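Okay, thanks for making time, everyone. Let me put the structure up and walk you through a few spots I'd like you to look at.

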Amino acid sequence: MTTDTSLVSGYDAVFSDLDGVVYAGPHAIPGAVEALGRLADVSVQLAYVTNNASRSSETVAAHLRELGAPATAETVFGSAQAGAELLAEKVAPGARVLVTGSATLAAAVEAQGLTVVRSADNQPDAVIQGFDPSLGWKDLAEAAFAVGRGAVWVATNTDLSIPQARGIAPGNGTLVAAVGAATGKVPFVAGKPEAPLFTTAARHLGVHRPLVVGDRLDTDILGGTNAGFDTALVLTGVDTPLTALAARTPERPVYLISNLEAFFAPYPETTADGARYRCGNAAAWVEDNVLVIDGDSSDLDSWRAACAAWWAARPDVATASTPEIRWTVTGRG
């Protein structure tokens, strides 16, 4: 009898980010959709978690299927759904909700048995705010009037920016900040890096030990940590081994992987010998506040050893900080 020692064998689900993990721009990341498709073969469920609150789950799933990834509306969890479910926990059944956002967000609110209204004059019990490119000053003003009068306020997410073909545009977080500035209030937040998006997915799938995989420390990894789930930083998107090394404590991933194919291989073990940490042929230790790495900078094991050594020496860090690094030439650990 053989025992599965692959990285993913200890988990009942994978919660995957989208951009930078499954695709980059219009194209699938090489090997990603194939790896996601293999999860069913090892009895690991798959869900996609996204802060996007303007596209429906079916629209996202259809896009993923076009790229070759396994996806249904039931396996896509956006911040609109998480926000609506979070809101439903905080108001009475049938409560009036001012929706400042997309038709997708309004539908998610109605699915919770709540009543959608369009004006602060309707005396809403709550406001839910999500991104929609058609939102204008009047919409934000209506939200501010209601929030200022004491309505429960939920934001689907607080992403400050949205990448667009022409550059970086303001995201939902900037619009939420405008309402906050006008009212002095702070919303409940459903999306990354807060926990509700992840706990919503876990509840719907009936899983208890998911692995959160993403390419961003400040959203995917922090969000998974906030939800109490293990995390894997995949190096196909925004963050790098160096930014992971420098990360503040709650943004430190459990795993560093180069691509999603790493799910199906044993994860290299890191061992400690006093203050020296070894992974594969690499080793790392801290010497007079300098991180010494004995290995090849192109070998991910070197960075795994480095993270273990530096994090052990700096276990509780509130601000990201890159250490001084000295590489040795032996490469033998």
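So, helix α8, residues 217–227, lies across β13 and β14, and against β14, which is 230–234, the helix runs at about 160°. Keep in mind that this is a predicted model.

What sheet do those two strands belong to? An open sheet of six strands, in the order β5-β4-β1-β13-β14-β15, with parallel pairing. At the edges sit β5, residues 76–78, and β15, residues 255–257, and each of those pairs on one side only. From one strand to the next, the twist averages 25°.

Let's zoom in on one pair in there. Strand β1, residues 13–16, pairs with strand β13, residues 210–214, in the parallel sense, over four bridges. If you want a register mark, take Val-14: the residue opposite, in β13, is Leu-211.

Now step back along the chain to helix α7, residues 196–205. How many of the ten residues in α7 are buried? Seven, so this helix is mostly covered. The buried set reads Pro-196, Leu-197, Phe-198, Thr-200, Ala-201, Ala-202 and Leu-205. As a reminder on helices, there are 3.6 residues a turn, so residues three or four places apart point the same way. Just after α7 comes Gly-206, with a positive phi of about 70°.

On to the charges. Side chains of opposite charge can pair when their charged atoms come close. Searching the whole structure turns up nine salt bridges, and I'll show you some of them.

Start with Arg-209 and Asp-230, whose side chains meet at 3.4 Å, N to O. What does that pair tie together? Arg-209 is in the loop between α7 and β13, while Asp-230 is in strand β14, so the bridge links parts that are 21 residues apart in sequence. As for exposure, Arg-209 has 42% relative accessibility, so we call it partly exposed. Asp-230 comes in at 22%, and that is partly exposed too, because buried would need a value under 20%.

Next, Asp-218 with Arg-216: a salt bridge with the closest N and O atoms 3.2 Å apart. Asp-218 is partly exposed, with a relative accessible area of 33%, and Arg-216 also counts as partly exposed, at 33%.

Then there's Arg-248 with Glu-251, where the closest N and O atoms are 3.1 Å apart. Buried or partly exposed, which label does Glu-251 get? Buried: the relative accessibility of Glu-251 is 12%, and the cut-off is under 20%. Arg-248, at 26%, is partly exposed.

There's also a network of salt bridges, and that one links Asp-17, Lys-192 and Asp-220.

Last stop, Asn-281. Where is Asn-281? In the loop between β17, residues 276–279, and β18, residues 282–287. Why do we call Asn-281 exposed? Because the relative accessible area is 57%, and the label applies over 50%. To give you a sense of placement, Asn-281 and Gly-171 are 110 residues apart in sequence, and their C-alpha atoms are 44 Å apart in space.

That's my tour. If you take one picture away, take α8 lying across β13 and β14, with Asp-230 of β14 reaching the loop between α7 and β13 through the salt bridge to Arg-209. Happy to rotate the view if anyone wants another look.

Notes:
Residues numbered from 1 in each chain as written. Predicted model: local features only at pLDDT ≥ 70, side-chain atom pairs only at ≥ 80, totals over all residues. Heavy atoms only, no water. Buried < 20%, exposed > 50% of the residue type's maximum accessible area, 1.4 Å probe, protein only. Pairing = 2+ DSSP bridges. Axes fitted to C-alpha atoms, helices over the stretch in contact; angles between N-to-C directions. Contact = heavy atoms within 4.5 Å. Salt bridge = Lys/Arg side-chain N within 4 Å of Asp/Glu carboxyl O.
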